[in-house]
Amino acid sequence: MPDLTHGADEAAVNALRSAVMRLSRRLKHQRVDESLSPTEMSVLGTLARCGSATPGELARKEHVQPPSMTRIVALLESKGLVKLEPHPEDRRQKVVTQTERAEAMLEESRRKRNAFLASLVEGLDEEEWDKLRAAAPVLEKLAHL
């Protein structure tokens, strides 16, 4: 495990944080549907990754309060991006499922963001691209810790 108390490691962590945040902001601007908030897009992404979930499960995964998630789900439902169905075991709860429209929108969003990122990568030399490609699994692991 790295010792982050040394100046060089602190500087590396700072540079990584800064670069990831700037890149994330630039990718967020590559949106397909400007009417959706970043939080709404995040909820749809969670449903795509994890499958159907109750609003409470979504609230935990998205780190928001359950009443906030209830409002987000209602907005997504009104836009035809999710549907609510009875929970198979607990009739008091609902299960949120993304619609085909949401799947198509997410696919288009991924395509647009991937194209944008690919255009940025064209500015790298082979050695830089090799390093970035090798770092991708580590960044993925970091994102899920």
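A residue is called buried under 20% relative accessible area, exposed over 50%, and partly exposed in between (1.4 Å probe, protein chains only). The structure is a predicted model, in which local features need pLDDT of at least 70, side-chain atom pairs count only at pLDDT 80 or more, and totals for chains, interfaces and linings use all residues. Residues are numbered from 1 along each chain as its sequence is written, and side-chain values use heavy atoms, with hydrogens and water left out.

The overall fold was examined at the start. Helices (H or I, at least four residues) and strands (E, at least two) are DSSP runs, numbered from the N terminus. The protein has six helices and two strands. Along the sequence their order is α-α-α-α-β-β-α-α. The radius of gyration is 19 Å, well over the 15 Å that the globule rule gives for 145 residues, so the protein is more spread out than a compact globule. This radius is taken over C-alpha atoms, and the globule rule is 2.2 Å times the number of residues to the power 0.38. Along the principal axes, the C-alpha atoms fill a box of roughly 55 × 35 × 20 Å.

Burial and surface were computed next. Of the 145 residues, 24% count as buried. The accessible surface comes to about 10200 Å². Carbon and sulfur atoms hold 56% of that surface. Accessible areas come from the Shrake-Rupley method with a 1.4 Å probe, and for residues only the protein chains shown count as cover. A contact means heavy atoms within 4.5 Å. Among contacts with a separation of 6 or more, 50% join residues 24 or more positions apart.

Helix α2 covers residues 38-50. The expected span of a helix is 1.5 Å times one less than its number of residues. For the 13 residues of α2 this gives 18 Å, and the end C-alpha atoms are 18 Å apart, which agrees. The buried residues of α2 are E40, M41, V43, L44, G45, T46 and L47. Their cover includes three other helices, α3 (55-62), α4 (66-78) and α5 (100-121). Strands β1 (82-86) and β2 (94-98) also help to cover them. After α2 comes G51, whose phi is positive, near 85 degrees.

Buried E40 in α2 also takes part in a salt bridge. Such a bridge is a side-chain nitrogen of Lys or Arg within 4 Å of a carboxyl oxygen of Asp or Glu. Side chains of opposite charge can pair when their charged atoms come close. The structure holds seven salt bridges. In one of them, the side chains of K79 and E40 meet at 3.5 Å, N to O. This pair links distant parts of the chain, 39 residues apart. K79 sits in the loop between α4 and β1, while E40 belongs to helix α2. E40 is buried, with a relative accessible area of 5%. K79 counts as partly exposed, at 24%.

Another loop residue, H87, lies between β1 and β2. H87 has a relative accessible area of 16%, so it is buried. Neighbours within four places in sequence were set aside. H87 is then in contact with T54, Q93, K94 and V95.

Helix α6 (126-143) holds two further salt bridges. The side chains of K131 and E127 meet at 3.4 Å, N to O. K131 and E127 are four residues apart in α6, so about one helical turn separates them. Both ends count as exposed: K131 at 54% relative accessibility, E127 at 52%. The side chains of D130 and R133 meet at 2.5 Å, N to O. D130 and R133 are three residues apart in α6, again about one helical turn. D130 is partly exposed, with a relative accessible area of 40%. R133 is partly exposed, at 43%. An α-helix has 3.6 residues a turn, so residues three or four places apart point the same way.

The same helix contributes to a nonpolar surface patch. Patches are made of residues with over 30% relative accessible area and no salt bridge; like charges are joined within 9 Å, nonpolar side chains (Val, Leu, Ile, Met, Phe, Trp, Tyr) within 5 Å. L16, V20, L124, L132, L139, L142 and L145 make a patch of about 610 Å². Helices α1 (7-28) and α6 each give two or more residues. The largest share, three residues, comes from α6. L132 lies in α6 and counts as partly exposed, at 37% relative accessibility.
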